[in-house]
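Biologist: Could you take me on a close look at one part of this protein, and then show me how it sits in the rest of the chain? I am in my first year, so please go step by step.

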Amino acid sequence: MIKQFLSFLLVLLSLPVFSAVTVTGRVLDSISQRPIEFVTVTVQNLTTDKTSGGALTNQDGVFNIASVASGEYELRISFVGYHPYSMQFTVEGSDVRLGDILVLENTTILQEVQVVGQGSQMRFDIDKRVFSVDQNIASSGGSATDVLENIPSVDVDGDGNISLRNNSSVEVWINGKPSGLTADNRAQILQQMPAENIEAIEIMTNPSAKYNPEGTAGIINLVMKKNRKSGYYGSVSAGLTMDKGKLGYNSGASINYNVGKFDMYANVGYRKINSSGGGFTERTNFNNGDTTVLTQVRSNSFDMSGLFFRSGIDYYIDAKNTVGIGWMGHFGTPRSISNTDYILKDKAANSILRDYSRKNNGSDSHRGFNINLYHKIDFDKNGSNLLTNIIYSKHGNSGEQTFTQEDKTILSNRQDITQNSDANSDGIEAKSDFTWKFNENNRLELGWSSRWNNRLGESKGFNNLENLPIDHYFNIFDYKEQIHALYATYGMRINNFSVQAGLRGEYFDYTSVSTPIEEEKKVEHRHYAIEPFPSVYLSYSLPRNSEIQLNYTRRINRPRGRSINPFKDYSDSTNISYGNPFLRPEISSAFELNYIKNWDNHTISSTLYYRFDNDEIERVSFMNNGIMESTFMNLTREHDYGLELISKNRLFKMLNLTSTLNLYYNRLDASVYQNELNPGITVNLPGIESFAWDARVIANLMFSPTFSGQITSRYRSAELTAQGERFARHSTDIGLRKTFFNRKLSAAFNVRDLFNTRGYKGTTWGEGFTQYSESRWRGRQFGLTLTYEFGNMKPKPSTRPRPEEMENGGEMDEMQ
């Protein structure tokens, strides 16, 4: 594969440089002097009256239109809420730099037209894809989890676990920072975060060396709303949901106030969730010639009350210096009840060996906050700056579960157990990012960061029947880590060719201590010398508004939390799960080849990718004395090949389609698992080869300037796993939105899982057992949300520098 990559690179570099040039510029609001993102810019040939190219502006308001031949042209700019703009220019053989272009806001249109229903606007940068989701109807009144379900290549299961391109090793950030989100807590946090607070989703499948290299699949960054207009602007909302007759509700409020040298914002959202589901499992056990069948039928209900809030303030000291503070917090009280009936049969005799039932009643309380302090120095008008951040986060979760079991066949097997758990984590990060732009086509970036993270978890159990503690339920897990990193990247553009290369080095050290009562204390300490994480991005602009990109990165998945905590979870007495403290980090090398083609009303992106993982981390299941156990292990190697196709089409002026097709081929080498916690257990996993695919279509409809709709459908084929198969699944969401009173009031109605098909079905197999399972986490859900917007619609003059990158800690400012 490396030889093929180098051969393609040689061919790419040997391509002739076309005589056509690149037209660049930056679009700014004429009053606030701030860049405008997602503006449509086209170049019209005055001789042929045909469009010669076009682009959308990026977050800096910059556009690059490549491969424009010599001639006379007219530049046309259009964006809803602004007056159209045009200017004529001549191309004579060298790149055309149009500089800053000021466009005037059309306040009349802003008051008369509601811009809704057009779904995820899509932009492709050299190292990420950006989807604007602030007008997504299907997730209105929902959570961040509901928003992610509508993003191409992202999949969210019923437990809130997120995967990107069929890989669950993915990082989820908020405003360019991890913000304390981990695999253990992010499902709860994202379920509480209101969808209305999110402006865009950035997908980085191959992030550059500037970024934290965690997550072999890449990074999903949630960009929160933060209105920059001078004056004030805000909204209030309230909504209801209905799931199988259970009522839920939500409410929220936001305010942005910008005056003088201060920018201030605040958001708060409350959600009350009620849902119900169930499941079925049938496991066949083979033990020394005897065959038994264990059947489980489960019903469950879930409810949660949660609050999410954000606020911040930016202070512009002078034209070069800005300081600020931003923070967010959350707390919630989820509760769940499940009832499971078990029947164990002798298959040959068709006789019942055991008949019992188990009830799990759980309640939790989770809380957390994140604070970010920053100072930014602007050195010049080119964008050269130094940004320093200090970030602190703290999260905690306290829970209690009660397990009661009634046995109809063996009366003495009655159980009444309470398990308590308390988990807390905190972390601090200090970082500086320096950017020096020599000119529009050359940029150097240097940076440093240090992170210290601590996690402490305690669990204990109590036998309510005997009024005694249960020793094997007790455990204290203490985890401490520190990571120190340096990086450098350099990017340049020569005519139609762009290159960006970088190198990041990280030092990693951690200590984990597990303290049970019945066993010896387990201490694991590891440190890794400087690990290199290089990245290379190549981009070549082709004629007729198309582009080809080639990139390579090296990334890592460091196991943490539940995956390395050896404490055993007995909530399901027939399937005991625990972590593996001896897990090694998973290292990944990834290559991508992208082709992007733009037309006036159509965009298509095709990506061919290959990812090689060493020490792949997977969950494995096996039988131990007739009881199933599940833990994690390092497999040998995994090879992932894929083709991703994304198209965006505007049809008939009222229909906007975003379609995605992903094709996956996965090869997993054979592995032998030696259980280091129980040396007598060995699991042999045969190698597998699997092909799978998924498709997603988002249709946005504009019936009138004030009435819109959205339909989202997704399908995922059956796929093999290391120990089984997940069956095919599909779902559909719909939504409608109507605005009133000059767009100040809007009503959104949606139905999630219209055909009631969302759920899981699959099989698992191993030595001595086969198992079929199906489950549903919630049913068809109806929602209605009302939103009222207020504020002064006319911006006041402001010449302050733009602080977008300050809140996200400088992470998201990559060379375009």
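Modeller: Let's begin with Gln-44, whose bridge partner in β3 is Thr-51. This is a predicted model, so please read each position as part of a prediction. The Gln-44 and Thr-51 pair belongs to a wider match: strand β2, residues 40-45, and β3 pair in the antiparallel sense over five bridges. A general point helps here: strands of a sheet pair through backbone hydrogen bonds, and they can do so either parallel or antiparallel.

Now step back to the sheet around that pair. Four strands make up an open sheet in the order β3-β2-β5-β6, and their pairing is antiparallel. At its edges are β3 (51-56) and β6 (85-91), each of which pairs on one side only. If you ignore direction, neighbouring strands of this sheet are turned by 20° against each other on average.

Another open sheet is worth setting beside it. This one has three strands in the order β4-β1-β7, and its pairing is mixed. Its edges are β4 (62-68) and β7 (96-103); each has a single partner strand, so one side of each is left without a neighbour in the sheet. Neighbouring strands here are turned by 20° against each other on average, again with direction ignored. For a parallel example, look at strand β1 (residues 21-29) and β7, which are joined by six bridges. Within that pairing, Asp-29 has Val-103 in β7 as its bridge partner.

Further along the chain, try β13. Strand β9 (residues 129-132) pairs with β13 in the antiparallel sense over four bridges, and Ser-132 stands opposite Ala-200 in β13. β13 is also joined to β14 by six bridges, and these two run antiparallel. Ala-200 appears here too, standing opposite Val-223 in β14. How well covered is β13? Six of its seven residues are buried, so to speak of it as mostly covered is fair.

Follow the chain past the end of β13 and you meet Thr-205, in the loop between β13 (198-204) and β14 (218-224). Is Thr-205 buried or exposed? Its relative accessible area is 8%, and because buried means under 20%, Thr-205 counts as buried. What surrounds Thr-205? Leaving out residues up to four places away in sequence, Thr-205 touches Arg-129, Leu-164, Arg-165, Ala-217, Gly-218 and Glu-592. With Glu-592 there is also a polar contact of 2.5 Å between the two side chains.

Finally, here is the whole chain. The protein chain holds five helices and 45 strands. Of its 816 residues, 55% count as buried. Take the contacts between residues at least 6 apart in sequence: 68% of them join residues at least 24 apart. Along the principal axes, the C-alpha atoms fill a box of roughly 90 × 60 × 50 Å. A compact globule with 816 residues would have a radius of gyration near 28 Å, and the protein chain has 28 Å, so the two agree. As for the surface, the chain exposes about 34,100 Å², of which carbon and sulfur atoms supply 57%.

Key:
Residues are numbered from 1 along each chain as its sequence is written. This is a predicted model: local features need pLDDT of at least 70, side-chain atom pairs count only at pLDDT 80 or more; totals for chains, interfaces and linings use all residues. Side-chain values use heavy atoms; hydrogens and water are left out. Buried means under 20% relative accessible area, exposed over 50%, partly exposed in between (1.4 Å probe, protein chains only). A polar contact is a pair of N or O atoms within 3.5 Å; within protein, one must be able to donate a hydrogen and the other to accept it, and residues adjacent in sequence count only if both atoms are side-chain atoms. Contact means heavy atoms within 4.5 Å. Two strands pair if DSSP finds at least two bridges between them. Axes are lines fitted to C-alpha atoms, for helices over the stretch in contact, and angles run from 0 to 180 degrees between N-to-C directions. The radius of gyration is taken over C-alpha atoms; the globule rule is 2.2 Å times the number of residues to the power 0.38. Accessible areas come from the Shrake-Rupley method with a 1.4 Å probe; for residues, only the protein chains shown count as cover.
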